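I opened a notebook page for this structure and worked through a few helices and backbone angles. The entries follow in the order in which I looked things up.

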Amino acid sequence: MPLELSIAWRYLAASRKRAHVALVSAIALGGLAVGVAALILSIALLTGFQDRIRERLSRDTPHLLVTPAQGAFLARSAALAAVIARDPEVVDVSAFVDGRGWITDPRARTALPVRFRSDAEVPTGEARVSAAVAGQIGVGRGGDVRLVGNRSELSPLGAVPVALPLRVASVSTAPPSASAAEVTLSPADARTLAGGADVVSGLAVRLRSAARAEAVRAAVAPRLGEGVRVRTWAETNLGLTFALRLEKVLIFVTVFLIVVVASLNVVSDLALLVVEKRRDLGVLSTLGASGGSLSRIYWWLGASIGAAGTLAGAAAGAAAAWALDRYALVPLPADVYLMSHVPFALHPRDLALVIAFSLAAAMGAAALPARAAGRVGPAEALRLSR
Amino acid sequence: MSVPVVRACALTKTYGSGPAAVRVFEELSIEVAAGEFVAVVGPSGCGKSTLLHLLAGIDSPDSGFVEIDGVRMSDLGPAERAKLRNERIGFVFQFHHLLPEFSAAENVALPLRIAAVPPREARRRAGEILERVGLAGRASHFPAEMSGGELQRAAVGRAIARSPRVIFADEPTGNLDRENAERVFLLLREVQRESGGSVVLVTHDPELASRCDKIFPMSTPGIRQGVPGGIGSPDV
C-alpha cells in the first residue's frame, strides 16, 4: 500500500474519535451517498418507463421496414421478401400497404385526414381506429365510418374518389399510436384504397431480437439491390428515441447537481483536515516528503470518502430500485397507464456511469485541499502549530 | 581539507515586512565538520530554531546560503531539497512530533517509506532501530501510550533511520526531566560516534553544551555572529 494511502486511511480512522471532524466527514460521506442514491433512483425510474416504451415500440413496429427509395410502391416485393427471409435472424416478412385518406362518420358531418395501414389480422370490411380518430369523429366500437382514399376511379358519373364503408372493430388506446390519426384495415381494403390488387407499399420484417436490427440491416441491405430503403425500428421512431435519450441525459445532469453539492462537503472536510494536520504535514516535509506526496494524501482522502459515499449510495439506490420494482411498491391505475405499477430498471451501464461520475466529483472536490496541502511550507507549518 | 558537512555563509533572516519586520539574525555563518557534535546556545528568541530550520533546508534565508556535503540548498528545487533532507538530514524536534495515528515502529519507518523502501523491509529496519534506542518492547505502542522520554527516543530513532550525515536536534531535552534528558543526550552522542555523522544540538542546558565538541553561541537579535571559535565562547 502506498505511504500516502496508509496515512489517508489512518486519518480517516482516527477522525472518528474527534467529534467535529467526524461530523464533517459524516456529512460529506452521507451527502454523497444520498446524492448517488437519488441519481440512481431517478435514472432507474426513467429507464423503467423508457424500457416499457421501447418494448412496446419494438413489439408494435416492424424491426426492419423495407420501402421504396422513391415512389409509393415497392417493386419485386415477393423476390425481396424471399431474400430477406433467408437471414437466420428473420422470423417473419410480411407485405403491407399504407397510404393517406379521409375518414368520416356515416353522415359525413366530420372528416379527418388519417394515415391507413394494412394488417392481416383485421377482417375485410372492418377497421381498427386510434383513440384520436374515435374521439374526433365521434364513433366507438361497432360504429360505422367511411374511409375515402386519395385516388379516384371512373364511374358513369365521371371520376369519383374511391371510398369504403367500414365497421369499427376496436379503438386503440395504446400510446404512442393512440394520439395519432391512424386506421388499420385488412390488406384487401388497404389495396383497394391505395391503388389496386397487386400494390405493396413495403415489407415489415420481424426478427428474433429487436436488438439485432442494426446488424441484420447491415447484412441484408446490400443483397436487396438499388431502389430499396431499409430502416430499423429505432430509425422509424427516430424522434421518439432521440427524445428518450435527451430526457435521460437531462435528468442525469439535473440530479447529478445533488452529487456536485454533496462534493462541496468533501472540500470543507478535507480543508479542515489540512488545517488540523498542518503540523504533521510540516513533519512529513521535514522528513523528506515532497509537495506532491503531501498532495496525494489528500487525493486519497477525497477518493476514500468519495468511494465510501458513492458505494453506500449506489448500494442503497440499487436496492431501493430493485425493491420498488420487484414488489410493485408504487401502484398505478392500469386502465390509464397500461401498467400496474411504476417500473424501475437499473442497467449496469447506467450504474457504472453514476459511480464513475460521482467518484470524479469527489476527486475534483479534493483538488483544492490537496493543492493547499502540497504547498504547506514545513517551517511555517511547524511554527504555526506550536 | 575536507568539505564540511554543514556550511552556512552570511545568513540573514527576517520575519514579516515593513515596520513590523523582525530581523532574527544577520550575516550569520557556521561550519560543522564531519563527526562533530556542536551545541548551539543562546537566549530565547535569538533565532536558534530558525537557524536549525535554515540549516536543514526547511526554510530559506533572505540572503546567504547553506551547503550540506557541498550541495548548495538554494540550487535545488523543492523536490530535490526534500530528497536531500530525506537522505542526508535527520531532525529531532523539541516536542517529539511523532504522528499520533502511527505506532512507534511506523513513525520510525516513515523516512524509509518516504524513500520508497518496501513496507516489510522498512518495518524490519525500524524494529532494529527501536532496539538500538532501547524501545524494542514499544514498537507497536502509539505515541499516546508512551512517556515523554520514550517519545523523544523514538523521535531520535526516526531521525537516524536513514543514517543521515547530520542530525539537527532542536532542544530535544527541553521538556524532559534530568534522567530522561541525560538518556536522550547520551543516545545522540552514541549514534553520532557510531555512525561518524555530525550533530547540531540546540540547548539551554550549559552542562549539556559543555559536553559537546564545540559551542556555537548566539545572542539577541541584531548582533553579528561568526564561525565558532571566532566569536563567543571558546571551543570546548
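**Helix α5 of chain B**

I began with the burial of α5(B): Gly149(B), Glu150(B), Leu151(B), Gln152(B), Arg153(B), Ala154(B), Ala155(B), Val156(B), Gly157(B), Arg158(B), Ala159(B) and Ile160(B) are buried. The model is predicted, and I read every value with that in mind. With 12 of its 13 residues buried, α5(B) is largely enclosed by the rest of the structure.

I then looked up what covers these residues. From chain A the cover includes α9 (278-286). From chain B it includes β6 (89-92), α3 (104-114), α4 (119-132), β7 (166-170) and α6 (178-195).

I also checked the length. Helix α5 of chain B runs over residues 148-160, and at 1.5 Å a residue its 13 residues should span 18 Å. I found its end C-alpha atoms 19 Å apart, which agrees.

**Helices α8 and α10 of chain A**

Two packed helices are described by the angle between their axes and the distance between the axes. For α8 (residues 238-276) and α10 (residues 291-326) of chain A, I noted an angle of about 140° and axes 11 Å apart. Angles over 145 degrees would count as roughly antiparallel; α8(A) and α10(A) are therefore oblique to each other. The crossing of α8(A) past α10(A) is right-handed.

I listed the contact residues next. On the α8(A) side they are Val266(A), Asp269(A), Leu270(A), Leu273(A) and Val274(A). On the α10(A) side they are Tyr298(A), Leu301(A), Gly302(A) and Ile305(A). Sorted by class, the contact of α8(A) with α10(A) holds seven nonpolar residues, one polar and one charged.

**Gly302 of chain A**

I picked Gly302(A) from helix α10 of chain A for a closer look. Its relative accessibility is 0%, so Gly302(A) counts as buried. Leaving out residues up to four places away in sequence, I found that Gly302(A) touches Val266(A), Leu270(A), Ala362(A), Met363(A) and Ala366(A). I also took the distance to Leu65(A): the two C-alpha atoms are 52 Å apart in space, and the residues are 237 apart in sequence.

**Helices α2 and α10 of chain A**

I went on to α2 (residues 19-60) of chain A, whose axis comes within 7 Å of that of α10(A) and crosses it at roughly 35°. Here α2(A) passes α10(A) in a right-handed crossing. The contact of α2(A) with α10(A) has 17 nonpolar residues, five polar and no charged.

In α2 of chain A I also looked up Ser58(A). Ser58(A) has 15% relative accessibility and so counts as buried, the cut-off being under 20%. Not counting neighbours within four places in sequence, Ser58(A) is in contact with His63(A), Arg206(A), Ala210(A) and Trp233(A).

**Positive phi in chain B**

Most residues other than glycine have a negative phi. Which phi does Ala10(B) have? I read a positive phi of about 55° for Ala10(B), which is not a glycine. Ala10(B) lies in strand β1 (residues 6-15) of chain B.

I noted a positive phi for Ser163(B) too, about 50°, and Ser163(B) is not a glycine. I located Ser163(B) in the loop between α5 and β7 of chain B. Is Ser163(B) buried or exposed? At 59% relative accessibility, Ser163(B) counts as exposed.

Key. Residues are numbered from 1 along each chain as its sequence is written. Chains are lettered from A and ligands numbered from 1 in the order in which they are written. This is a predicted model: local features need pLDDT of at least 70, side-chain atom pairs count only at pLDDT 80 or more; totals for chains, interfaces and linings use all residues. Side-chain values use heavy atoms; hydrogens and water are left out. Helices (H or I, at least four residues) and strands (E, at least two) are DSSP runs, numbered from the N terminus. The expected span of a helix is 1.5 Å times one less than its number of residues. Buried means under 20% relative accessible area, exposed over 50%, partly exposed in between (1.4 Å probe, protein chains only). Contact means heavy atoms within 4.5 Å. Axes are lines fitted to C-alpha atoms, for helices over the stretch in contact, and angles run from 0 to 180 degrees between N-to-C directions. Angles under 35 degrees count as roughly parallel, over 145 as roughly antiparallel, 65 to 115 as roughly perpendicular and the rest as oblique. A crossing is left-handed if the near helix is turned anticlockwise from the far one by less than a right angle, and right-handed if clockwise. Ala, Val, Leu, Ile, Met, Phe, Trp, Tyr, Cys and Pro count as nonpolar, Asp, Glu, Lys and Arg as charged, and the others, Gly among them, as polar.
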